Amino acid sequence: MIDGENETGAAPLKPGDEAAPGTPGSGEDICPACSGTGRKGDAECSNCQGTGIVQEGIGGG
Ligand SMILES: [Zn+2]
């Protein structure tokens, strides 16, 4: 078993991601959980996995 992998070959989403990277209509945004710092106190932000960035859906038209 390999954690964090799937059979589609797509990049694994972070908990805070709303869409996979490269998805039309989505884009990077500041992680709302850590305000883009990538940190929650002394720990890595689990929402963005320490990147400070999450993929969010935009528009939705
Ligand atoms: Zn975060």
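Ser35 counts as exposed in this predicted model, because only 11 C-beta neighbours lie inside 10 Å, and a residue with 12 or fewer falls in the exposed class. The place of Ser35 in the fold is the loop that runs between strand E1 (26–30) and strand E2 (39–40). Although Ser35 is not a glycine, its phi is positive, at about 60°. Most residues other than glycine have a negative phi.

A second residue with a positive phi is Gln49, which is not a glycine either and has a value of about 55°. Gln49 sits in the loop between strand E3 (43–44) and strand E4 (53–57), and with 18 other C-beta atoms within 10 Å it is partly exposed.

The strands that frame these two loops make up the regular secondary structure of the protein chain, which has four strands and zero helices and so reads β-β-β-β along the sequence. Of the 61 residues in the chain, 13% count as buried. Where contacts join residues at least 6 apart in sequence, 44% of them link residues at least 24 apart.

The largest nonpolar core consists of five residues, namely Cys31, Cys34, Cys45, Cys48 and Val54. Cys31, a member of this core, offers a way to follow how it is put together: once neighbours within four places in sequence are left aside, Cys31 is in contact with the core residues Cys45, Cys48 and Val54, and its other partners are Gly16, Gly36, Asn47, Gly52 and Ile53.

Terms used:
Residues numbered from 1 in each chain as written. Predicted model: local features only at pLDDT ≥ 70, side-chain atom pairs only at ≥ 80, totals over all residues. Buried ≥ 20, exposed ≤ 12 C-beta atoms within 10 Å, placed from the backbone. Contact = placed C-beta atoms within 7 Å. Core = buried A, V, L, I, M, F, W, Y, C linked by C-beta atoms within 7 Å.
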